[in-house]
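Dear colleague,

Please find the structure we spoke about just below, with its sequence. I have put my notes underneath, and I would be glad if you read them with the model open beside you.

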Amino acid sequence: MLFEHISFKNHEKIIHAQDAKTGLKAIIAIHSTKAGPAAGGTRFYDYADSDAALTDVLRLSYGMTLKNIMAGLKVGGGKSVIIGDPKTIKTPELMASFAKAINDIGGQYYCAEDVGTSVEDMELVRKHTKFVAGLCTGEHASGDPSPFTALGVFIGIKASAKTKFGSDNLSGMRIAVLGLGHVGYDLATQLHKAGAKLLVADINVSVLEKAKIELNAEIIDVDKIAYADVDIFAPCAMGAIITDHLAQNIKAKVIAGAANNQLATPSVGEILTQNNILYAPDFVINAGGIINVENEILGNYNRANNLDKMATIGTTLLEIYEKSAADNLPTDKVAEQIALERVAAL
Ligand code: NAD
């Protein structure tokens with residue numbers, strides 16, 4: 001049912017990699033190589049079944065095409081998923097077996113970190129293939145992309161606040177952050193420094209205690225944080241968090257966070273627009289990490305340039321918000337339309 005799959009968007013290649021010896025079960029999806037080699041992280045996650053993994057990798061790889069073109073990068077869209085709980089099944093042998101599968105593709109796809117994989121994992125992958133980025137050693141190594149993603153989201157939140165509240169001064173604003181992982185904690189730290197009052201939630205209790213002490217954050221139930229009485233909601237955990245129900249009932253006036261594929265269904269964007277809630281399209285606001293990784297892949301890494309490029313996340317969002325208001329279209333549809341036009345023009 002691959003070609004009829006609801007999330008299949010004319011992907012160029014879908015590869016299954018399986019190795020009974022190491023327990024590897026992976027899917028690599030290349031959506032588009034029109035702009036350059038496909039690039040996107042490797043998610044290691046305990047999916048309910050392989051169909052859930054396929055849906056995720058199809059959606060995420062399509063999202064990478066949109067993200068990379070919107071950020072003006074010379075890489076296409078791809079993503080890979082490894083099925084299973086990384087805490088129990090991840091071994092150097094399994095990562096080696098995954099790396100060989102990446103190598104067999106011959107450079108049409110570059111992997112990097114995502115949920116469940118780390119810089120250390122990518123260093124292991126590198127022993128078996130050169131088609132990997134987000135490394136911490138080597139001439140063009142760009143390191144962990146997460147701090148760059150967090151910085152891009154911070155810039156995007158400021159642009160969104162300016163549009164919605166008329167000022168990008170976050171001091172005194174109530175901001176809810178769901179997910180205090182690699183990106184979420186760094187973002188929360190920047191928001192705290194900017195004077196925001198933080199409400200936080202995570203399934204990992206230890207990180208919540210840390211945020212309470214270090215960032216004076218108020219801890220909220222995971223199930224309640226999206227409905228909290230705040231100005232801005234920043235989803236930084238998993239996708240599909242914004243459901244029709246949440247879009248009808250959310251109190252925040254801005255949704256701007258790092259998580260990929262935040263909208264649970266295509267209709268959610270329309271409900272948000274009707275309810276006057278400003279949504280920062282995820283594939284625009286969370287591009288900071290891939291902006292930093294792109295020139296490692298192209299072999300011309302330049303950290304200072306990348307930091308400058310982060311500002312474009314804010315300006316691109318402002319353009320999308322203006323067009324959305326002028327055409328009365330949801331921000332996610334406007335952004336997707338612009339991205340697809342740019343890909344078609346390549
Ligand atoms: P991470 O795994 O480091 O952090 C995720 C955090 O969310 C963890 O603290 C985890 O405990 C928490 N979490 C997981 N499921 C949860 C749930 N159901 N309820 C509440 N908390 C939950 O991942 P990350 O690298 O920080 O990425 C966060 C999100 O941002 C992901 O959706 C990822 O795809 C996206 N993203 C990350 C990057 C990057 O550079 N790391 C780039 C672009 C997009």
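Helices (H or I, at least four residues) and strands (E, at least two) are here DSSP runs, numbered from the N terminus. This is a predicted model, in which local features need pLDDT of at least 70 and side-chain atom pairs count only at pLDDT 80 or more, whereas totals for chains, interfaces and linings use all residues. Residues are numbered from 1 along each chain as its sequence is written, and side-chain values use heavy atoms, with hydrogens and water left out.

To begin with the whole chain, it holds 14 helices and twelve strands. Its radius of gyration (taken over C-alpha atoms) is 19 Å, close to the 20 Å that the globule rule (2.2 Å times the number of residues to the power 0.38) gives for 346 residues, so the chain is as compact as a globular protein of that length. Along the principal axes, the C-alpha atoms fill a box of roughly 50 × 45 × 40 Å. I call a residue buried under 20% relative accessible area, exposed over 50%, and partly exposed in between (1.4 Å probe, protein chains only); on that basis 55% of the 346 residues count as buried. Contact means heavy atoms within 4.5 Å, and of the contacts with a separation of 6 or more, 64% are made by residues 24 or more positions apart. The accessible surface (Shrake-Rupley method with a 1.4 Å probe; for residues, only the protein chains shown count as cover) comes to about 14700 Å², and 53% of it belongs to carbon and sulfur atoms.

Turning to single elements, strand 4 (residues 42-45) is where T42 is placed, and T42 counts as buried because its relative accessibility is 0%. Leaving aside neighbours within four places in sequence, the contacts of T42 include S80, I82, F98, Y109 and M122. Two of these names come up again in the helices: M122 is among the buried residues of helix 4 (residues 119-126), along with V119, D121, E123 and V125, and F98 is among those of helix 3, which also include L94, M95 and I102. The buried residues of helix 4 pack against strand 4 and helix 3 (92-104).

The expected span of a helix is 1.5 Å times one less than its number of residues. For the 13 residues of helix 3 this gives 18 Å, and the end C-alpha atoms are 18 Å apart, which agrees. Helix 3 is followed by G106, with a positive phi near 75°. For the twelve residues of helix 6 (residues 182-193) the expected span is 16 Å, and the end C-alpha atoms are 17 Å apart, which again agrees. Just after helix 6, G195 has a positive phi of about 95°. The buried residues of helix 6 are V183, G184, Y185, L187, A188, Q190 and L191, and what covers them includes helix 5 (146-165), strand 7 (174-178), strand 8 (197-201), helix 7 (205-215) and strand 10 (232-235).

Two loop residues are buried. L263, in the loop between strand 11 (254-255) and helix 9, is counted as buried because its relative accessible area is 9%. Its C-alpha atom is separated by 8.8 Å from that of D244, 19 residues apart along the chain, and, leaving aside neighbours within four places in sequence, L263 is in contact with residues including R59, I242, L272 and D332. M310 lies in the loop between helix 12 (303-309) and helix 13, and its relative accessible area of 0% is why it counts as buried. The C-alpha atoms of M310 and G288, 22 residues apart along the chain, are separated by 6.2 Å; with neighbours within four places in sequence left aside, G288 is also one of the contacts of M310, among them F148, L151 and I291.

Finally, which backbone angles deserve a look? Most residues other than glycine have a negative phi. N276, although not a glycine, has a positive phi of about 65°; N276 is found in the loop between helix 9 (268-274) and strand 12 (278-279) and counts as exposed, at 52% relative accessibility. N328, also not a glycine, has a positive phi of about 50°; N328 lies in the loop between helix 13 (311-327) and helix 14 (331-344) and counts as exposed, at 61% relative accessibility.

With best wishes
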